[in-house]
Amino acid sequence: MKWNSADYMRGEREMELRKQAEELLRKLTLEEKIGMIHGAQLFQTAGVERLGIPPLKMSDGPMGVRQEFLPCGWQPVGRSDDYVTYLPCNSALASTWNRELAKETGRVLGEEARGRGKDVILGPGVNIKRSPLCGRNFEYFSEDPYLTKELAVPYIQGVQEWDVAACVKHFAANNQETERLWVDVEVDEQALREIYLPAFYDAVKKAGVHTIMGAYNLLKGEHCCQSEYLLNDILRKEWGYDSVVISDWGAVHDTEKAANSQLDIEMSVTDNFDEYFMANPLKEKIEKGEISEAVVDEKVTRILVLMMKLHMMDSSRKSGTYNTPEHRRKAMEVARESVVLLKNEENILPFSKEKVKKLLIVGENAECVHANGGGSAEIKALYEITPLMGVKTLLGGNAEVKFVPGYVRDEKKEESDMSWQESSLENGGGSAKEFAVNVEAEKKREELRNEAAELASRYEHVLFVGGLNHEYDSEGNDRVDMKLPYEQDKLIEELLAVNPNTVITFVGGSPVEMGSWLEKAKTVVWSWYAGMEGGNALAEVLFGAVTPSGKLPETFYKKHTDCSAHAIGEFPGGSKVHYAEGMFVGYRYNDTFQIEPEFCFGHGLSYTTFLYENPVLVQKNGLNYVECNVTNIGTTAGKETVQVYTASMEKKETEPVQELKGFEKTKLLLPGECQRVSVLVEGMIEKKNLRIGSSSRDIRFVIESR
Ligand code: BGC
């Protein structure tokens, strides 16, 4: 092992904990130490009872604390005591552009994890959305590293306030599900440093994250969980990270490499715990003198220090709790601010509660629950309010709400004895999921479309709620394109043909193609998997109880081939994938090469209007701030997010035309109210234009900084 964490400059407290850990270490047998560095159950390591060392208990993450599984199998225990608060997914949280809400989300998750007796919560996922087709995008924040890290840091801090470790994942360049166990990522150093690593760097440096999960994929020829370059050179040496690295479940491939790497704990999906690479095979190699025991000592020391930091071995640990009304209130606050109003012509929205006496709701997603899907991020939610329920409870009994599904799915859910996670190491770990055409379902859909269109022609108010579900937004799958499934395009066209005021609403975790009908639609609303209160939040936005303030944290392309990774033919790649687009990810590509998105990064409308005035660049304590007045000149209260993009005056070839470097959300501004907003701008600003706007393509001012 090249790097010894004793080489760090540690604080006094850190040194004290390390000394205590080393004392404890001396009392441990090799077997006991080995037990602490690999899974002894699916979600926990072995403790050492005789010395009062507990096992380390982990749970997914990131939308709530996952249900309990049997210790040795992926069957849920099936009790009634593991329902939890279901939080909005990270894409939803990112749409709020609200750091305080990110912290609150972390706090809820940390308190619930502790309440459920966990030590490590396996989140947040901070991987960059390199393609809109990645099946796990709903678990991630954004295509932009700055937005991702600005929200991930308070989130992690919030979790860790509760004596629980966050586990930032998946380190690193884990941006697709296809062949996820074996795909080897080639990415240039600049893109790695400026796009894919910043959120991990800030998690370490600013949030003080206690644990990091390595990724399944390879980077530059090495498996991430046993990588010299990633774990040793970058994470330990360069960043000085001194805490615990956990493998993804089944991401370790070699005893010697893993032992000699900076990985501390090996986890996997199978129940042959003693045969894990860092279990008996490692013990035997140490006994034969092939691997030094010192490498295990270092790992165990770090684990013991972590346990002390979390107060796992003293009586001062916070107890946490779960399912409190306060947690549900927080989930609701996030959901409210996550709804993105994409288009709203003729002020079709908000609906008036007083005027809507009859409402037709069309679309399966109006009554579909999503919590219990998507892979390891699944949640056993205490409840989940659907859009249909949200609207009906808001309107009450004096309005007539008629629901028809409008479409059905293609396939019945496969019934299998094996959980997906149990078989998740097969076939490269993931694939692009194609759905077979199902003639029966097509016939049924035609009937449902006719029914819906006939009704829509007779209703003044029609709300369509469609989009995706976790058959599409799912761990282990990538989508093959951005098309709406289940012939929803046809249905939407037919609804708009008979009722041009139909409000089009989507629930989903990643963007969809809208080109075939978008011009005809006056109003389009985007809601993510927005947690247990998602349906209530959406209803409040539709009926104007809340003014929408969500902004897109990713580009909504017209079609997936407008995204750089696809345009250059490098998604999902083969056994290797070359991130040849370099820095040109998301809007960085579209803006530089003038490719029109359907809805741009940072876009999101309001029911009111904000006037930007008096922008100035201010320097305080060596930091740069853009200040400007934002006045609500409309008639309803609302919030606005001021975004600052920097653009080099002498742009290099590899440089995008603009990059997000600051943002600030206003408080709730009443009509006529003005707030002086101060936006901290990250990084050097010499010879740069500072572009201040309401989205990446709605720039209100440009300040030159010479
Ligand atoms: C996922 C991780 C998750 C782990 C444990 C893996 O399949 O990639 O994100 O935390 O399983 O469920």
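The following paragraphs describe the ligand site, the sheets and selected backbone features of this structure, which is a predicted model.

The ligand is placed between two domains. Both domain 1 (16-42 + 55-309) and domain 2 (336-563) contribute residues to the shell around the ligand, and the ligand therefore lies between them. The shell is made up of 15 residues, of which Asp60, Arg136, Asp248, Gln421 and Glu475 come nearest to the ligand. By class, seven residues of the shell are charged, five are nonpolar and three are polar. Several side chains place an N or O atom close to ligand oxygen atoms. For arginine 136, a side-chain N or O atom is 2.7 Å from an oxygen atom of the ligand. The side chain of histidine 170 likewise has an N or O atom 2.7 Å from a ligand oxygen atom, and for aspartate 248 the corresponding separation is 2.6 Å. The protein buries 100% of the 310 Å² that the ligand exposes when taken alone.

Aspartate 60, one of the residues that come nearest to the ligand, also takes part in a salt bridge. Its partner is lysine 169, and the closest N and O atoms of the pair are 3.5 Å apart. This salt bridge links distant parts of the chain: aspartate 60 belongs to the loop between strand 1 and helix 3 (90-96), lysine 169 belongs to strand 3, and the two are 109 residues apart. Across the model, the count of salt bridges comes to 71. Aspartate 60 is in addition joined to glycine 61 by a cis peptide bond, with omega at about 0°. Glycine 61 is likewise located in the loop between strand 1 and helix 3.

Strand 3 is part of an open sheet of five strands, arranged in the order 1-2-3-5-8 with parallel pairing. The edges of this sheet are formed by strand 1 (58-59) and strand 8 (244-246), each of which pairs on one side only. Within the sheet, strand 3 (residues 165-171) runs parallel to strand 5 (residues 211-214), and three bridges join them. In this pairing, valine 168 has isoleucine 212 of strand 5 as its bridge partner.

A further open sheet consists of four strands in the order 7-6-4-17, and its pairing is mixed. Its edge positions are taken by strand 7 and strand 17 (576-578); each has a single partner strand, so one side of each has no neighbour in the sheet. Strand 4 (residues 184-186) pairs with strand 17 in the parallel sense over three bridges, and aspartate 184 has lysine 576 of strand 17 as its bridge partner. Lysine 220 is situated in the loop between strand 6 (218-219) and strand 7 (222-223). This residue has a positive phi of about 50°, although it is not a glycine.

A hairpin is formed by strand 18 and strand 19, with two residues between the strands. Strand 18 (residues 610-620) and strand 19 (residues 623-632) run antiparallel and are joined by nine bridges. Phenylalanine 610 stands opposite asparagine 632 of strand 19. In this hairpin, asparagine 621 adopts a positive phi near 50°.

A cis peptide bond also joins leucine 349 and proline 350, with omega at about 0°. Proline 350 is found in the loop between strand 9 (340-344) and strand 10 (358-362).

Key. Residues are numbered from 1 along each chain as its sequence is written. This is a predicted model: local features need pLDDT of at least 70, side-chain atom pairs count only at pLDDT 80 or more; totals for chains, interfaces and linings use all residues. Side-chain values use heavy atoms; hydrogens and water are left out. Two strands pair if DSSP finds at least two bridges between them. A residue is near a molecule or strand if one of its heavy atoms lies within 4 Å of it. A polar contact is a pair of N or O atoms within 3.5 Å; within protein, one must be able to donate a hydrogen and the other to accept it, and residues adjacent in sequence count only if both atoms are side-chain atoms. Accessible areas come from the Shrake-Rupley method with a 1.4 Å probe; for residues, only the protein chains shown count as cover. Ala, Val, Leu, Ile, Met, Phe, Trp, Tyr, Cys and Pro count as nonpolar, Asp, Glu, Lys and Arg as charged, and the others, Gly among them, as polar. Domain bounds come from an automatic or database domain assignment. A salt bridge is a side-chain nitrogen of Lys or Arg within 4 Å of a carboxyl oxygen of Asp or Glu.
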